2 protein chains.
Amino acid sequence: MIPCDLMIRSRWCLPIAPDPKPIERGAVAVEGGRILAIGPAADLDARYLPTAAFDLSNHAVLPGLVNAHCHAAMSLLRGAAEDLALDAWLNDAIWPLEGRVVSAAFVRAGTDLAIAEMLRSGITCFADMYFFPEEAAPRVSAAGLRAQIAFPIIDFPNPWSSGATEGFHKGLELNDAYRDDPRIGIAFGPHSAYSVEEANLQKTLMYAEEVGRPIQIHLHETAEEVAAAVARNGHSWVAQLAATGLLNPALQAVHMTQLSDADIELVAEHGVQVVHCPTSNLKLASGICPVGRLAANGVNVALGTDGAASNNALDLFAEARLAALLAKHLGGAAEGRVEDALRMATLNGAAALGLADEIGSLEAGKQADLIAVDLSGPALSPVRDPAAALVHGPAAAAVSHVWVAGRCLYEEGDYKTLDLVGLRRRVELAMEGCG
Amino acid sequence: MIPCDLMIRSRWCLPIAPDPKPIERGAVAVEGGRILAIGPAADLDARYLPTAAFDLSNHAVLPGLVNAHCHAAMSLLRGAAEDLALDAWLNDAIWPLEGRVVSAAFVRAGTDLAIAEMLRSGITCFADMYFFPEEAAPRVSAAGLRAQIAFPIIDFPNPWSSGATEGFHKGLELNDAYRDDPRIGIAFGPHSAYSVEEANLQKTLMYAEEVGRPIQIHLHETAEEVAAAVARNGHSWVAQLAATGLLNPALQAVHMTQLSDADIELVAEHGVQVVHCPTSNLKLASGICPVGRLAANGVNVALGTDGAASNNALDLFAEARLAALLAKHLGGAAEGRVEDALRMATLNGAAALGLADEIGSLEAGKQADLIAVDLSGPALSPVRDPAAALVHGPAAAAVSHVWVAGRCLYEEGDYKTLDLVGLRRRVELAMEGCG
């Protein structure tokens with residue numbers, strides 16, 4: 001018998017890859033924070049002697065979800081701007097509000113609130129993009145989950161920097177500080193092609209390639225954005241970024257609701273990562289990312305919640321469900337299949353962030369980032385296909401356990417690394433500053 | 001001081017009508033199962049002396065939700081047919097499966113399971129349409145909530161009847177049995193215009209008018225259905241039903257994803273009730289009900305979950321959110337406003353079922369059908385606008401209390417009228433019969 005740290009037995013085990021088929025009465029053995037083995041519980045019990053074990057007889061165990069785009073601290077702006085389209089939402093409501101209220105303390109409280117919400121609903125890794133990234137990163141470290149922290153690059157003065165130059169300066173310092181962090185990756189976050197001038201996009205590309213970090217950008221979010229690009233440049237932003245060298249596999253293009261066939265060909269040719277944020281895109285009346293057309297061209301599509309000011313929840317199960325429903329609406333009921341939706345929420349997210357070798361599926365050697373979902377409640381039973389229950393049922397509320405690198409961060413309402421009572425007070429304090 | 005049975009104080013009280021504005025630190029006084037008064041808690045506490053009281057300091061209290069279309073017992077068919085369009089879903093999967101497995105015991109267990117799910121997520125009244133309605137109605141009575149039970153009328157043999165004639169016979173008996181029931185209304189449920197011949201639709205209309213009961217029908221669910229009608233009759237089903245007298249305020253037309261301007265004019269002119277089932281319509285790739293165009297023409301639009309075989313959840317908060325998002329997608333971000341979505345889920349549902357004088361809003365004299373939602377969790381806080389939190393946040397999982405006619409049916413995980421352990425056994429037994 002081989003000793004190991006942890007054995008997690010469950011009614012169903014969903015590895016996602018290499019074989020997406022659920023393992024009935026499966027188990028995952030964990031050692032040193034990584035997956036040692038996965039398979040039928042009877043097989044693993046015959047080979048491994050765990051120090052600790054969980055027996056989750058009504059549960060599905062799957063990889064922790066990867067939220068490939070959010071603005072965590074905006075959880076404090078939840079409900080601040082309802083029923084507005086993107087242009088008015090951003091220019092008349094959110095940016096002026098952020099100018100008044102965003103501070104280091106705001107980002108610490110808001111990031112902790114978002115982490116509490118995300119852990120509770122099964123997200124173990126998220127891609128953040130917000131002001132004061134040097135305040136957000138330590139919150140992720142303390143909470144024990146995983147994140148890509150993109151520092152913002154915007155040409156004009158903002159709550160964190162006087163403009164792009166100071167943004168690069170502070171961001172590269174941050175990158176140095178987290179160079180070898182096992183759970184936090186730094187990324188470059190130019191806000192959008194329309195708010196960052198060409199010279200600064202080129203600097204972004206140069207620095208990002210130098211330090212080997214990805215770039216995340218809001219791209220082709222609305223029809224108006226694309227029309228303005230065509231009017232200014234004679235072609236779309238996708239075509240413009242292709243011409244200037246920005247399109248590559250380290251570029252994470254978020255939203256992408258408006259894509260011509262030529263745009264999709266460019267995105268596919270250059271191996272760009274696409275992040276689909278279906279709730280936010282509908283709520284701001286921006287459109288729908290054509291996931292079926294992208295996937296048919298071999299493009300990797302991940303899922304994001306976007307920030308809580310345009311969603312208003314950080315629930316990636318809900319995004320997976322909505323992505324499946326919208327894919328069916330656009331392409332017919334055979335599109336948006338359950339397996340595709342789950343893969344988008346896990347392995348595709350990992351791949352988008354350049355982490356597919358480490359997380360996103362339950363495979364021996366990968367990080368032990370797992371979640372358990374109790375499928376015995378009246379809203380999820382009976383279970384014929386656990387994958388369908390996870391995608392089309394209310395799974396987020398049924399998440400019972402969350403592990404990252406083999407460490408249990410959440411169990412049945414109990415947060416192991418967060419103080420919810422203190423957090424509620426800090427949120428109240430931050431809200432007093434919001435007026 | 002006036003004595004009363006119950007006082008429910010809450011952080012926010014959302015009456016929906018006549019004024020949709022939330023009452024901060026509000027209260028509802030209940031006497032004899034009806035609302036005696038609603039207003040600021042300080043005012044009510046000065047006038048009423050309750051026998052019992054709830055102090056819900058982090059909660060929103062609002063009318064119980066009205067699920068205006070479902071097939072409750074189909075909760076046992078949850079996940080039975082994934083990733084299929086309506087035609088294949090119905091003809092190749094669901095109808096043959098129902099022919100094999102549906103029985104009186106199946107309907108009893110499935111209805112109880114659906115009731116458990118619906119109560120837990122704040123639904124206090126639902127419109128059912130399924131086989132063995134005489135088995136479903138007693139389950140509603142026992143559980144203590146409210147329902148419209150539509151008995152099915154289908155021309156061909158089905159698990160409950162040999163055809164339309166036996167359907168009328170059994171249905172009219174059922175109507176006699178529940179003639180004076182305070183919480184259960186019987187309705188006529190012709191499956192669709194394409195599955196019930198004209199003579200039987202006319203009989204439905206005649207009987208329904210005689211006994212003063214509404215009709216609920218699936219109508220204009222898919223483009224194929226409408227195209228077939230045009231090919232057969234020279235016009236749409238809506239035009240056909242208008243010509244034959246079926247269109248009237250007692251007709252509840254479910255789905256309505258495909259509507260020409262002429263159809264909408266007919267629906268508006270005749271005061272037809274429309275029930276929008278957004279999740280089911282996307283999942284079966286049927287289309288989207290044009291709620292904005294209907295509302296602009298003065299049509300009352302309610303919300304339904306449809307059955308768990310095409311959703312897969314009976315969560316009306318989720319339907320309200322999706323309805324709001326889709327309205328924005330079709331009509332711009334200023335459509336699908338938070339207030340509209342909440343009204344669709346409550347008062348519009350009551351109106352669609354002919355119950356607007358009794359339920360759907362918190363007004364003195366109406367039934368005390370109320371729910372409380374705890375908005376203090378990390379996924380819902382901070383709360384700027386409780387209505388936005390309810391529509392755009394994950395509210396269903398945060399429902400803490402449910403009252404119907406002043407009686408508490410659910411409180412913090414505790415079902416007062418259902419035995420969840422026994423129900424789980426009965427569901428397992430029913431599933432063995434499903435093969």
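1. A definition to start with: the radius of gyration here is taken over C-alpha atoms, and the globule rule is 2.2 Å times the number of residues to the power 0.38. Please keep in mind that this is a predicted model. Chain A has 435 residues, for which a compact globule would have a radius of gyration near 22 Å; the value for chain A is 21 Å, so the two agree.

2. On the extents of the same chain: the C-alpha trace of chain A spans about 65 × 50 × 40 Å along its principal axes. Its secondary structure comprises 16 helices and 16 strands.

3. Packing next. Of the 435 residues in chain A, 63% are buried. Among contacts in chain A with a separation of 6 or more, 71% are between residues 24 or more positions apart.

4. A word on the surface and charges. Chain A has an accessible surface of about 14300 Å², and carbon and sulfur atoms contribute 53% of that. Chain A carries 31 positive and 52 negative charges, whose mean positions lie 6 Å apart.

5. Now to chain B, where you may enjoy tracing an open sheet of eight strands with mixed pairing, in the order β3-β2-β1-β4-β13-β14-β15-β16. Its edge strands are β3 (34-40) and β16 (414-415), each of which pairs on one side only.

6. Inside that sheet, which way do β4 and β13 of chain B run, parallel or antiparallel? Strand β4 (residues 48-63) and strand β13 (residues 370-374) of chain B run antiparallel and are joined by five bridges. To find the pairing on screen, look for Pro63(B), which stands opposite Leu370(B) in β13(B).

Definitions and conventions
Residues numbered from 1 in each chain as written. Chains lettered and ligands numbered in written order. Predicted model: local features only at pLDDT ≥ 70, side-chain atom pairs only at ≥ 80, totals over all residues. Heavy atoms only, no water. Helix = DSSP H or I, 4+ residues; strand = E, 2+ residues; numbered from the N terminus. Buried < 20%, exposed > 50% of the residue type's maximum accessible area, 1.4 Å probe, protein only. Contact = heavy atoms within 4.5 Å. Areas by Shrake-Rupley, 256 points an atom, 1.4 Å probe, with all protein chains shown as cover. Lys, Arg positive; Asp, Glu negative; His and termini not counted. Charge placed at Lys NZ, Arg CZ, Asp CG, Glu CD. Pairing = 2+ DSSP bridges.
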